[in-house]
Structure formats: C-alpha cells, structure tokens
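Subject: Handover of a protein structure

Dear colleague,

Please find the structure below, handed over for your own work. My findings follow it.

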Amino acid sequence: MDTAVTGPETESTEGTTGSRTGDAAGRGEGTLPGVPQAWSVAPQDARELSRQFFQRLAELEEGTHEYQYSRNTLIEMNMSLVRFAAGRFRTRGHDMEDIVQTGMIGLIKAIDRFELSREVEFTTFALPYILGEIKRFFRDTTWAVHVPRRLQELRVELARAREELAGRLDREPTVAELATLMDLPEREVVEAQLAANGYTSASLDAALTGDGPEDGEAVLADFIGVEEERLRLVEDVHSLAPLMAELDERDRRIIHLRFVEEATQAEIGERLGCSQMHVSRLIKRIITRLRRGLMAEPGGV
C-alpha cells in the first residue's frame, strides 16, 4: 500500500491530504482537475470525478508522478465507500480503524483492476472487493482456534436462527427447535454450537468480579483447571536426564533395576555379586548425588 494512504482515518493524514493534492493540482497534472482535500469530496461528486481520473489513469505510464497522483486521489476520494462498508461490521467488537484499513486494501485492489470499458459504476465494482477483504479479516483473525469454513458459516446461520426463535418464543430455543427452523439434523446444530465456542477466547489471567484468594481480585484461572501432578513428573524426568547421563554404567544399571524393573535390593545384590547392605549404600549415594544435581542452581558448579 502506498504511504500516501496508510492512515486515512487519522487527523494528521487529513491535515496533509489537501495540501498534497492541492500542490499537485497547482503544478498542473495534465488535464486532471485539482481536488483539494480529496478525502472530503462528497460521494456523488466523487463518482463523476472518478470517471475523469480513471480515464486519465488509463493513459498514463505506471510509476510516473502523474500516475501516482491520479491513483492516490482516486483512493482518497473513495474512502467514504470504505467507511460505508466498514459500518456494517461496527458491532463485531473490533477497532473500526482496523476494519477501515482492511477495507482500504480492497479499495486499492479495485482501483488497480477497474476499467471504464466495463460500463459499470466504480462503486458497484469496488464494493465486493472491500467487503471481501473485511470478511477475510474477520475469518482469519477472529476465530480463537481453527474451525472448518463450513462450521464458521453455520455459526452465523445458528446465531440468526437463535435470535429469531428467542424473539418469537421469549426464551432460549432448544436444539430440536433450532434444527427444525434451520432444516438441519440435530447433530449438526450441536456441532455448530460447539464450534461457536472457538470464536473467542479469554485469558486465564483475565480479572473477574468478586474476591480472589489473595489480593482480592479473582482471575479465571482460580475457577477452572486442576494441578496436574504428572506434568511435574515430566519436568523432573527431563531434568534428571542429563544427570543420569553423568553416572557410570554400574550406577545407571542399579537405578534401572531398582526403579524401572522394581527389583529388590537382595535381587540386585545377586545380579551384581554383592551384599544387600552394599546395594543399599550404593542406592543411597546415587540418589543423594541426583538430588543435589536437581537442587543446584542453573549454571552453578
């Protein structure tokens, strides 16, 4: 995207747009009319001016100064079309500036691909490009987890059906009632409901109302999940691996016999040809060495 249009919604950009296009017009950009503050041109006037600029754009060589002036002016004059399209998504919970910026990508694509020979209004041609980019933005960024496209679309249908039935019945509709209205099997309605859970996510650190266990502020993690002891075991095994590698072959064999094969000290003594008492001392020494290794500070001697 050209730097001339990267911030169409900001005050600083609006303050400079008029001087830029006005200066270009003052220098006499071929047969093009001067358009001071192109971003503020009324939609009806923008339609007529756009035809003139598209006509001139088709005659110019891409990359020239006049070509860039024409293209940038077209973008700025038609920003109202982007804002109109973005307004449809005002209730989606996203920053409107992000939606408008995404729609600008579609506008620029439409300008680069439009030809007067199509004999259609530019607004008619551009709107699908703008809406397509915005919808793609929501599809790619809104879902917290990956959900198949079929279920994404089914979620929208489910929301409409639930709203319609809730207004008609004055209560939450059942799965059977939703399935009847949507003309779908109940299992597909349930599948869509489950998929809808992946539309948004919440941080485990998100603050909730009520008293927390310590500082008076509760977080979501206080109410869900359990302590998984086996995860701690995985960490311990991972930490032990390099310490075990430092043991000699006999010590590793003793640990394997005692804690993997669960052999008794007497059985280990028989295999190694030593007394049970000696095996006990060896196991104690090995465990003490491993424990010290685990308790040592990282990077310590």
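Contacts between residues at least 6 apart in sequence join residues at least 24 apart in 55% of cases in the protein chain. Please note that this is a predicted model. The chain has 301 residues, of which 34% count as buried. Its secondary structure comprises 13 helices and two strands. The exposed surface of the protein chain is about 19300 Å², and carbon and sulfur atoms account for 50% of that area.

I turn next to the nonpolar cores. The largest of them contains 38 residues, and Met77, Leu107, Phe122 and Ile130 have the most contacts inside it. At least two residues of this core come from each of helix 2, helix 3 (65–77), helix 4 (79–86), helix 5 and helix 6 (122–141). Helix 6 provides the largest share, with nine residues. A second core, separate from this one, has 12 residues; Leu247, Ile255, Leu257 and Ala263 are among them.

Phe122 deserves a closer look. Leaving aside residues up to four places away in sequence, Phe122 touches Phe54, Asn78, Leu107, Ala110, Ile111 and Phe114. Of these partners, Phe54, Ile111 and Phe114 also appear in the lining of the second largest pocket.

That second largest pocket holds about 190 Å³ of space. Its lining further includes Gln55, Leu57, Ala58, Tyr67, Asp112, Arg113, Glu115 and Leu116. By character, the lining residues divide into seven nonpolar, one polar and three charged. Helix 2 (43–59) and helix 5 (96–113) each contribute at least two residues to the lining, and helix 2 gives the largest share, namely four residues.

Finally, two residues draw attention through their backbone angles. Aspartate 183 is not a glycine, yet it has a positive phi of about 55 degrees. Aspartate 183 sits in the loop between helix 8 (175–182) and helix 9 (186–196). Its relative accessible area is 69%, so aspartate 183 is exposed, the cut-off being over 50%. Glutamate 262, likewise not a glycine, has a positive phi of about 55 degrees. The loop that holds glutamate 262 runs between helix 11 (249–259) and helix 12 (265–272). With a relative accessibility of 62%, glutamate 262 also counts as exposed.

Yours faithfully

Notes: Residues are numbered from 1 along each chain as its sequence is written. This is a predicted model: local features need pLDDT of at least 70, side-chain atom pairs count only at pLDDT 80 or more; totals for chains, interfaces and linings use all residues. Side-chain values use heavy atoms; hydrogens and water are left out. Buried means under 20% relative accessible area, exposed over 50%, partly exposed in between (1.4 Å probe, protein chains only). Contact means heavy atoms within 4.5 Å. Accessible areas come from the Shrake-Rupley method with a 1.4 Å probe; for residues, only the protein chains shown count as cover. On a 1 Å grid over the protein atoms alone, a cavity is a set of points where a 1.4 Å probe fits but cannot get out, and a pocket is an open set with protein on both sides within 12 Å along at least five of seven lines; lining residues have an atom within 4 Å of a point. Grid points are joined across faces, edges and corners, and a volume is the space filled by probe spheres set on the points. Ala, Val, Leu, Ile, Met, Phe, Trp, Tyr, Cys and Pro count as nonpolar, Asp, Glu, Lys and Arg as charged, and the others, Gly among them, as polar. A nonpolar core is a set of buried Ala, Val, Leu, Ile, Met, Phe, Trp, Tyr and Cys residues joined through side-chain atoms within 4.5 Å.
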